[in-house]
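Reader: I should be grateful for a close look at one part of this protein, namely the buried charged side chains and what they connect. Please then place that part within the rest of the chain.

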Amino acid sequence: MGVAVKTTRAVDLQQESIAELQKALEEGGIAVESRPPAIALSGYIDSSYTYNFISAHSGKTAAQTAQIPTRMDSDGIAGGGWNLNQVYLVIEKPLSEINDWQSGFRADLMVGEDAASMGMPDNIVGLSTPNSNGLALNISSFLLAQAYAQFRVPVGNGLDLKMGKFMSPFAFEVMERPANVNFSYGLIFSNLIPEILVGAEAVYPFSNSLELTLGITDGGFNTARGGFPFFGEVNNEPFSSLFLGSLRYETPRKNALVTTSVLFGPDGADPPGFGLYPGFAGEGVFRESPYNRSAPFVLGDIYGSWIPQVSKDRLLVALELTGGFYNGGVALPTDPLSSRASANWYGASFWMKYQLTALLSIAFRQDWIEGSNNEILYQHVGRTDIWSSTLTFRIDLWENMMLRAEGRMDWGKDVVGAILAPLGLPSVPVSSGPAFFAAIEAAYAFW
């Protein structure tokens with residue numbers, strides 16, 4: 001008994017000494033690495049009330065009802081209503097900062113109306129049937145946003161390898177609404193870039209500030225095309241892949257960053273779905289198209305953000321520029337110039353956010369996108385310019401809960417129209433806007 005008591009006391013003293021030593025090191029500015037949990041679970045719930053000031057009763061069917069096709073589907077529904085935007089769950093075994101042999105994984109599941117809007121044609125809508133028409137919105141829709149295994153190889157500063165389904169490094173905005181400056185998705189995110197890639201990528205940090213990502217992914221946006229009945233000529237034979245390169249720099253003070261990314265497909269990409277020049281509308285970045293061909297595809301994007309020190313961390317400024325080229329468009333046989341029509345597109349966005357008080361902040365976003373005659377923009381024909389201005393107020397009620405109120409205005413060539421009828425219907429004429437939008441959002445994060 002005496003030996004047992006002495007042993008227990010010695011163990012307690014040893015644990016107390018370790019705890020005191022760790023506390024002293026942390027107070028002295030020396031970080032102490034703690035082993036990450038075996039499995040981590042986190043996520044959030046995001047809900048809203050949204051209203052689009054366009055008629056919800058202009059047609060008897062969804063195809064005859066006015067829509068705003070350049071917005072995310074869940075942001076462009078005519079009229080208004082209550083929405084369960086996202087129930088987002090993340091389960092992962094993260095890698096620690098130790099440069100040693102490690103392995104882990106991550107899986108992200110999104111449930112709600114946004115799951116039906118993005119990730120097509122890989123999402124599941126309604127009664128668990130694949131659907132990519134953009135009209136079957138349902139709060140029970142779900143999307144496996146990410147699912148990958150990851151490994152660390154202790155070479156140099158540590159090489160991280162991923163294989164599976166992961167989010168692309170393109171775009172300042174992300175799929176998770178609460179993480180964005182504004183509630184609604186911007187024009188670049190909704191129309192010009194892939195949110196999800198399937199394949200393998202390697203991430204190498206040259207330093208604490210500079211990081212390089214190289215990858216090879218499936219030739220389709222937002223899906224793996226193996227086994228999926230795509231309409232386009234781009235398929236799994238001959239070999240078709242997208243090659244990814246991304247360079248990210250963040251200042252040592254962590255108050256500014258810039259990311260440059262390039263995606264190259266020697267045999268094209270499908271999605272996005274292009275239109276038939278000059279008379280058939282584009283299919284957009286979420287839907288396959290029967291008019292795509294095997295031909296070079298290039299997409300470039302650069303974005304950066306800055307928090308000026310003179311603002312005492314109250315001001316955030318961000319800018320994004322994107323553009324692309326595709327040489328596999330199809331023209332009408334009667335086209336006197338050529339039977340192959342190239343496509344190009346451009347976009348620019350600007351954000352500014354200011355923290356008025358500890359609880360209240362205000363944010364502004366200005367968007368612009370343009371598509372060529374061989375259109376990449378969904379349900380648009382011919383060269384198109386679309387603009388959008390968004391103002392958002394945010395209130396942080398508690399540490400893990402926020403409210404946002406937003407107003408938005410879109411305008412430009414054919415910004416409002418009828419789905420499946422880009423030239424308009426007698427009861428739903430095409431309009432250049434402006435198209436107004438209002439939203440109230442509540443989001444709660446848990447971990």
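Author: Arg177 has a relative accessible area of 0% in this predicted model, and because buried means under 20%, Arg177 counts as buried. Two acidic residues pair with this arginine. One is Asp75, whose side chain meets that of Arg177 in a salt bridge of 2.9 Å, N to O. Asp75 lies in the loop between β2 (66–67) and β3 (79–93), whereas Arg177 lies in the loop between β8 (159–167) and α3, so this salt bridge ties together parts that are 102 residues apart in sequence. Asp75 is itself buried, at a relative accessible area of 0%.

The other acidic residue is Asp114, which forms a salt bridge with Arg177 in which the closest N and O atoms are 2.6 Å apart. This pair, too, links distant parts of the chain: Asp114 belongs to helix α2 (residues 113–117), Arg177 to the loop between β8 and α3, and the two are 63 residues apart. Asp114 is buried, as is Arg177. In general terms, side chains of opposite charge can pair when their charged atoms come close.

The loop that holds Arg177 leads to helix α3, which covers residues 187–191 and includes Ser190. With a relative accessible area of 6%, Ser190 is buried because the value falls under 20%. Leaving aside residues up to four places away in sequence, Ser190 touches Thr70, Arg71, Met72, Tyr185, Val285 and Phe286. One of these contacts, Arg71, is linked with Arg408 and Asp410 in a network of salt bridges. Ser190 thus touches a member of that network.

The chain has 15 salt bridges by the rule applied here. Among them is the one between Asp396 and Arg394, where the closest N and O atoms lie 2.9 Å apart. Strand β18, which spans residues 384–398, brings the description to the strands.

Here several strands follow one another in antiparallel pairs. Strand β15 (residues 315–331) pairs with β16 in the antiparallel sense over 14 bridges, and Ala318 has Trp351 in β16 as its bridge partner. Strand β16 (residues 340–355) pairs in turn with β17 (residues 360–371), again antiparallel, over 11 bridges. A hairpin of four residues joins β16 to β17. Within this pairing, Tyr346 stands opposite Glu370, and Phe350 has Gln366 as its bridge partner in β17. Strands β17 and β18 run antiparallel and are joined by 12 bridges, with Phe364 opposite Leu391 of β18. As a general point, the side chains of a regular strand alternate between the two faces of the sheet.

The surface offers a contrast to the buried charges. Ile216, Phe243, Val262, Phe264, Val298 and Phe325 form a nonpolar surface patch with about 460 Å² of accessible area together. Phe243, a residue of strand β11 (residues 241–250), has a relative accessibility of 36% and therefore counts as partly exposed, a class that lies between the 20% and 50% limits.

For the chain as a whole, the secondary structure comes to three helices and 21 strands. Buried residues account for 47% of the 447 residues. The accessible surface comes to about 20800 Å², and 64% of this area belongs to carbon and sulfur atoms. Of the contacts between residues at least 6 apart in sequence, 65% join residues at least 24 apart.

Confidence should be considered alongside this description. The mean pLDDT of the chain is 83, and 79% of the residues reach 70 or more. Over residues 1–11, however, pLDDT stays under 50, and the model has zero contacts for this segment beyond four places in sequence.

Note on methods
Residues are numbered from 1 along each chain as its sequence is written. This is a predicted model: local features need pLDDT of at least 70, side-chain atom pairs count only at pLDDT 80 or more; totals for chains, interfaces and linings use all residues. Side-chain values use heavy atoms; hydrogens and water are left out. pLDDT is the predictor's confidence in each residue, from 0 to 100. Contact means heavy atoms within 4.5 Å. Buried means under 20% relative accessible area, exposed over 50%, partly exposed in between (1.4 Å probe, protein chains only). Two strands pair if DSSP finds at least two bridges between them. Patches are made of residues with over 30% relative accessible area and no salt bridge: like charges are joined within 9 Å, nonpolar side chains (Val, Leu, Ile, Met, Phe, Trp, Tyr) within 5 Å. Accessible areas come from the Shrake-Rupley method with a 1.4 Å probe; for residues, only the protein chains shown count as cover. A salt bridge is a side-chain nitrogen of Lys or Arg within 4 Å of a carboxyl oxygen of Asp or Glu.
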